[in-house]
Amino acid sequence: MPRMTAVAKVGLSVGVHPRPAIPDLYEGGDVVSETCQESACQESAPDSGSRGSRPHQSLLKNESPPKKVLTRLLTSLTVAVVLGVGLLMAGLTPTTPAQAAASYNSEELAFVQLLNEYRASKGLPALQLSDSLSVAAERHASDMGKYGFFSHITQQSDWFPAGSTPWDRMAVCGYTSNWAAENIAGGQSSAAAVLSAWKGSSTHNANLLNAQARVVGIGFVAASGSPCGYYWVADLGDCVDPTAHDPEPVMSTRYEQGDSRLRYVGSWDVLSTSYASGGSYRRAGASGASVVITFDGTAMAWIAKTTSSYGKARVTVDGGIPATVDLYSPATKWRQKVWEVAGLAAGVHTVRIAWTGTRNPASSGTYINLDALDVTGVLLKTPVPKRYEQADSRLVYFGNWTPVTTSYASGGSFRYTNSQGAAVSLKFTGSYIAWIAKRSPAYGKAKLVLDGGAPVTVDLYNSYTQWRKKVWEADLPYGSHELCIQWTGTRNPSASNTYISVDAFDISGVLY
């Protein structure tokens, strides 16, 4: 199987659990299909109708908990004993529920929380966390990382015989069911990333949203030096086994200001002190300074220092109405929660904290700072915007525009207009966009409309010529957006004319 470094891999296996007397039902677990693409590698194991399989019979009645819970559990344990005999004959040793103790890291718990939020949004019940399934999942993820393979079928293992199917591994770890499924993935470093990958595949998504599922087991392993680096396994089943329990709630996680997933813009100084969270904080006091935070979750708090020389910051969430946060205090205070947002819809959000140059009248300065962030969810890597030049064929121009070649412009050229009906329109999928333009004493005002919302006026006048200037920007909820910029024929009283220009666009996402 091809190995692709830093390329996400996803895999799926789904079917009804085989009858106990036939532990080798899939005869080595043949892989039916395998396709490798630039962004993903997918493979599927045979389902109940695949070659080498026999008609499946239910081991347990398909009743929903808590009805006849005791009967279900007793039946489950009985089946486990019967299955254990077959497994021992095949050289497998079943794990009893008491042995199936599982511990969970924050990313695993975050995945279960995000999965249950996703299921709830589709009107489906939340899943309990099965320690037995989690042990099976964790061990398979560990094997893939340690021995460098990516498959639903065990190639080499510290716990399972080579050729073990997902159902074999589940049974060895003490779990049996009528229906079970498995998703695997490699290359995603966070719960949000792997859930997004699986949601983007119809087969994996079908497993996540299967109405029969009642429990999930999750395994996430970081394997340095392995082909993928990170390995995920999610095992799902319809039997609420004795090791199942409600998942622990995900509390907020502290992320320090030096986390590489944050994107700092402009000039920031890093200052070390034992008073700060993590031993350091970051400070800014110049135009253009901001920090962009992307997370998958429902809440975030900004931890900062307040003091007599600090000013005001502007904070936006998903490009919404800005909030002003005053960091002034007469006496210095450390590790202060200066702002927070809660109750957000589960999903990806973008927060921008920007220097404003304004201050409380009592303050002696305008500095702002970031010490840490408390996130209920998972911090994500904030993408670096990609520059799209004005000549990109995906931009749609209306009316008369004049292209000009000059080394002062981004990409060596820009486009201007001073014509009735002139406009430019673009569509993109992403979470951020900035308009790069020339400003000049002869330039006027443009009307900007984003996603059909209220028009915004952008003034391109400046007392002297400026090139490659960011004249407007917006943080947005991740998704599809449309921007239209129109010539208005209006101007600042100081401007000598009404020209507008387009030099480039910076987009965190993809222009289409």
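## Lys337 and its surroundings

Let's start with one residue, Lys337. Setting aside residues up to four places away in sequence, Lys337 touches Ala301, Trp302 and Ile303. You can find Lys337 in strand E16, which covers residues 333–341. Keep in mind as you look around that this is a predicted model.

Is Lys337 buried or exposed? Lys337 counts as exposed because its relative accessible area is 51%, and the cut-off for that label is over 50%. Now try finding Asp371: in sequence, Lys337 and Asp371 are 34 residues apart, while in space their C-alpha atoms are 9.9 Å apart.

## A charged pair at Lys337

Side chains of opposite charge can pair when their charged atoms come close. Which side chain does Lys337 meet in a salt bridge? The partner is Glu340, with a distance of 3.6 Å from N to O. Glu340 has a relative accessibility of 48%, so Glu340 is classed as partly exposed.

## More salt bridges

How many salt bridges does the structure hold? There are 10, and a few of them make good places to practise. Asp392 and Arg394 form one of these pairs, and their closest N and O atoms are 3.0 Å apart. Asp392 is buried, since its relative accessible area is 17%. Arg394, at 35% relative accessibility, is therefore partly exposed.

Another pair to look for is Lys470 with Glu473, where the closest N and O atoms are 3.5 Å apart. Lys470 has a relative accessible area of 40%, so Lys470 is partly exposed. Glu473 is partly exposed too, because its relative accessible area is 31%. The story does not stop with this pair: Arg352, Lys470, Glu473 and Asp475 are linked in a network of salt bridges.

## Arg282, a buried charge

Next, turn to strand E12, made of residues 280–284, where Arg282 lies. Which side chain of opposite charge is nearest to Arg282, and how far away is that side chain? The answer is Asp269, at 9.0 Å. Arg282 is buried, yet has no salt bridge. This follows because a salt bridge needs a side-chain nitrogen of Lys or Arg within 4 Å of a carboxyl oxygen of Asp or Glu.

Arg282 does have a polar partner, though: its side chain makes a polar contact of 2.9 Å with the side chain of Gln257. Gln257 also appears among the residues in contact with Arg282 once neighbours within four places in sequence are left aside. That group includes Gly258, Tyr264, Trp268, Asp269 and Val270. Ile368, Asn369 and Leu370 belong to it as well.

## A three-stranded sheet

Strands of a sheet pair through backbone hydrogen bonds, either parallel or antiparallel. Which kind of pairing appears in the open sheet with the order E22-E23-E28? In this sheet of three strands, the pairing is antiparallel. Its edge strands are E22 (402–405) and E28 (500–502), each of which pairs on one side only. From one strand to the next, the twist averages 30 degrees.

Take a look at how E22 meets its partner. Strand E23 spans residues 413–417, and four bridges join E23 to E22. These two strands run antiparallel. To see one bridge for yourself, find Val404, whose bridge partner in E23 is Phe414.

Terms used. Residues are numbered from 1 along each chain as its sequence is written. This is a predicted model: local features need pLDDT of at least 70, side-chain atom pairs count only at pLDDT 80 or more; totals for chains, interfaces and linings use all residues. Side-chain values use heavy atoms; hydrogens and water are left out. Buried means under 20% relative accessible area, exposed over 50%, partly exposed in between (1.4 Å probe, protein chains only). Contact means heavy atoms within 4.5 Å. Lys and Arg count as positive and Asp and Glu as negative; His and the chain ends are not counted. A polar contact is a pair of N or O atoms within 3.5 Å; within protein, one must be able to donate a hydrogen and the other to accept it, and residues adjacent in sequence count only if both atoms are side-chain atoms. Two strands pair if DSSP finds at least two bridges between them. Axes are lines fitted to C-alpha atoms, for helices over the stretch in contact, and angles run from 0 to 180 degrees between N-to-C directions.
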